[in-house]
Amino acid sequence: MWEYSEKVKELFFDPKNAKAVADANAVGDVGSISCGDALRLTLKVNPETEVIEDAGFQTFGCGSAIASSSALTELIKGKTLDQALKVTNQDIADYLDGLPPEKMHCSVMGQEALQAAVANYRGEEWRDDHEEGALVCKCFAVDAVLIEQTIRANNLETVEQVSHYTKAGGSCAACHEGIEEILGKVLAEKGQSVSVADSAEPGATGNRALIQRVQTILKVFDDVRPQLKADGGDIELVEVREEKVFVRLEGACSGCQMAGATLGWVQQRLTETLGEFIRLIPVNGDNQPLGGRA
Amino acid sequence: MQQQTTVNAPDGIYLDNNATTRVAPAVVQAMLPYFTELFGNPSSMHSFASGVGKAVQQAREQVQALLGAAYDTEIIFTSCGTEADSTAILSALRANPDRNEIITTAVEHPAILALCEQLEKEGYKVHRLPVDGQGRLDLDAYASLLSPRIAVVSVMWANNETGTLFPVEEMARMAHEAGVLFHTDAVQAAGKVAIDLKRSAIDMLSLSGHKLHGPKGIGVLYLRRGTRFRPLLRGGHQERGRRAGTENTAAIAGLGKAAELALKNLQADGARMAALRDRLEAGVLAAVPHAFVTGDPANRLPNTANIAFEYVEGEAILMLLNRAGIAASSGSACTSGSLEPSHVMRAMSIPDTAAHGSTRFSLSRETTAEEIERVIAAVPPIIARLRELSPYWSEGAPVADPQQAFAPVYA
Ligand SMILES: Cc1ncc(COP(=O)(O)O)c(C=O)c1O
């Protein structure tokens, strides 16, 4: 069940400007029935002043698609075309007191309909650079084609980088496995494999600092190991990423009720030794959080 | 002072029983002692444990009766339907390492489909039987796929979205003749249709407590005696070493009671729900143009009506229904957080114009005729209202050629 804001519900249950403007001189259509949402925006633009005197929407779609469409019309009425074009999808989402991340594409659709309508009014051809592929990131509606293109164009090597460039995987993380697969495919063509950590910043100093940190971490592990062994367990370093230290707990430690306590204790030792806050994150077996391939 | 939290059930008409059901009051009563007085671990050797083992045994027999299993030891309690599904398929693969293919259908629950997708990545070959426009399988195509390479066939007994029943008993016989193991996901069928496993060739069957007025988080894997088996969870010797982990005794007792109630009322409840379901469909279709029932009307669960409303989107329907106090569900993409309509609608080649508006009303034995009449009255204005908002609809009918009339620069 989506947790919609009161504003979304209000504009869904009682939408404003749900109509086709009768004497419209600008029309923008986006979406399609097969995508699950479609929006037609009709505008009456004053030819002298370019002020949007009336705006109407017709929408096939879910609750937030209808509310976003209605919000768009409210936002742009009375504005000139140039002013209206400055309205972003974030403005639409803000007007609605926010949208669930998975529904942000509804606000994007509103912004695109406006661009299409303005292009229609000005006799330009509006083209979306949208190329459809299998949807990978459902939160931000990013598809496989876009992810692959972005990886190639920017020589990306980690899931985190892909999230930064495309937003894919930036919200719920459910698609990290899918992103990794695409990365793996592209990297394999170059004879590489998905790297564990972010590609280190170029520059020897960065690397040396990293190596020193890792050595310190391993030293702490060596110090605590006898105690872990006494309980039939062990700890192994998997990955270091900024303040996050990923480890694998083995033997009696993994899954035992003491795992949490053990982690807290080792984390404390690390934080003290390194003089910076460290978060110790367990990964177990082939269950890899954050796309790290151990 | 202890804080008293009162939780009020939302009132309204609950027609989402394929998602989950209300736990029957008698089931709650059957469970309560196992939280407090009879809390012992059935494996323990003291008086706190005595009686608990007996309760588990009684529940096993109640489930055995519901399924018509020959032996009570064929019943293995699991943590849910999904676990039973995973256990069945993975066991079949591990017990038959020389076989690396699976037959299933395109319309299974994700509990099967997502597992199969993963197995495919690991190198197994998965055959997904397609369905026709009414969700039916082609048994000739199925027969031609059966071979010594197949480790297991997994076919659901009843579809959760449309209620369509598959001829699993016949398909199990065919599998047996070919020397292939047969599993069925009967999570939606158990308690709604008669099942008599001792007279069938089904080797494994999954069910889930919360679909038959039992608690959530409890399931059963039926495993025919003599079937080769590899446990999913290893550890203690619970469930005869076939499913390690301390028994969820309260839930097991509850499931037993739920199974007993379901069996007792199977015939009467089924007939009553089917009559209400038919009335619902007839009433809605008489008042709403451009709508149709999906699935196979001749072979389906008594409680499920899936109606596709053209040119409207399912989540919007659900929101308006919810405001009218009616709980249903949708195959629409938007409700699930994906952007694609349900794989079941796709597999049946339901056009996109209708798939997004498919709405499932699933009844229970608690549903009343009066509730159904209220739904019949509520639905038509909701659909009409959303169509009025739609660019694909104008003046009481779909626009002449929706895909043409609506001309986005890209689609
Ligand atoms: C056909 C089918 N199989 C499996 C399941 C999963 O059952 P559970 O929720 O107990 O894991 C469901 C329920 O959602 C179902 O409808």
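What follows is a chat about a predicted model, taking its ligand site first and then its charged side chains.

Me: Which residues sit around the ligand, and how many are there?
Reply: The ligand is surrounded by 13 residues, and the closest are B:Thr82, B:Asp185, B:Gln188, B:Ser208 and B:Lys211. By type, the shell divides into three nonpolar, seven polar and three charged residues. Helix H3 (residues 81-95) of chain B gives the most to this shell, with three residues.

Me: What makes the approach of B:Ser208 to the ligand a polar contact?
Reply: The cut-off for a pair of N or O atoms is 3.5 Å. A polar side-chain atom of B:Ser208 lies 2.6 Å from an oxygen atom of the ligand, so the pair is within 3.5 Å and counts. B:Gly81 offers a polar backbone atom 2.8 Å from a ligand oxygen, and an N or O atom in the side chain of B:His109 is 3.1 Å from a ligand oxygen. As for cover, the ligand taken alone exposes 400 Å², and the protein buries 88% of that.

Me: Why is B:Arg242 said to have no salt bridge?
Reply: A salt bridge needs the side-chain nitrogen within 4 Å of a carboxyl oxygen. For B:Arg242, which is buried, the nearest side chain of opposite charge is B:Glu239, 5.3 Å away, so no salt bridge is counted. B:Arg242 is found in the loop between strand E8 (219-223) and helix H7 (249-287) of chain B. A polar atom of the B:Arg242 side chain does lie 2.9 Å from the backbone oxygen of B:Thr73.

Me: Why is B:Glu170 called partly exposed?
Reply: Buried means under 20% relative accessible area and exposed means over 50%. The value for B:Glu170 is 37%, so this residue falls in between and is partly exposed. B:Glu170 is in helix H6 (residues 168-177) of chain B.

Me: How do you know that A:Asp54 and A:Lys19 form a salt bridge?
Reply: Their side chains meet at 3.1 Å, N to O, and the limit is 4 Å, so the pair qualifies. The two are 35 residues apart, with A:Asp54 in strand E3 (residues 52-60) and A:Lys19 in the loop between helix H1 (6-13) and strand E1 (26-32) of chain A. Over all chains, the structure holds 36 salt bridges.

Me: Why does the salt bridge between B:Glu315 and A:Lys103 count as joining two chains?
Reply: The closest N and O atoms are 2.7 Å apart. B:Glu315 lies in helix H8 (residues 314-323) of chain B and A:Lys103 in the loop between helix H4 (89-95) and helix H5 (104-121) of chain A, so the pair joins two chains. B:Glu315 has a relative accessible area of 3% and A:Lys103 has 1%; buried means under 20%, so both residues are buried.

Me: What about B:Glu101 and B:Arg149: which is buried and which is partly exposed?
Reply: B:Glu101 comes in at 7%, under the 20% cut-off, so B:Glu101 counts as buried. B:Arg149 has 49%, which is not over 50%, so B:Arg149 is partly exposed. They form a salt bridge with their closest N and O atoms 2.9 Å apart.

Note on methods: Residues numbered from 1 in each chain as written. Chains lettered and ligands numbered in written order. Predicted model: local features only at pLDDT ≥ 70, side-chain atom pairs only at ≥ 80, totals over all residues. Heavy atoms only, no water. Near = heavy atom within 4 Å. Polar contact = N/O pair within 3.5 Å; in protein donor to acceptor, adjacent residues only side chain to side chain. Areas by Shrake-Rupley, 256 points an atom, 1.4 Å probe, with all protein chains shown as cover. Helix = DSSP H or I, 4+ residues; strand = E, 2+ residues; numbered from the N terminus. Nonpolar A, V, L, I, M, F, W, Y, C, P; charged D, E, K, R; others polar. Buried < 20%, exposed > 50% of the residue type's maximum accessible area, 1.4 Å probe, protein only. Lys, Arg positive; Asp, Glu negative; His and termini not counted.
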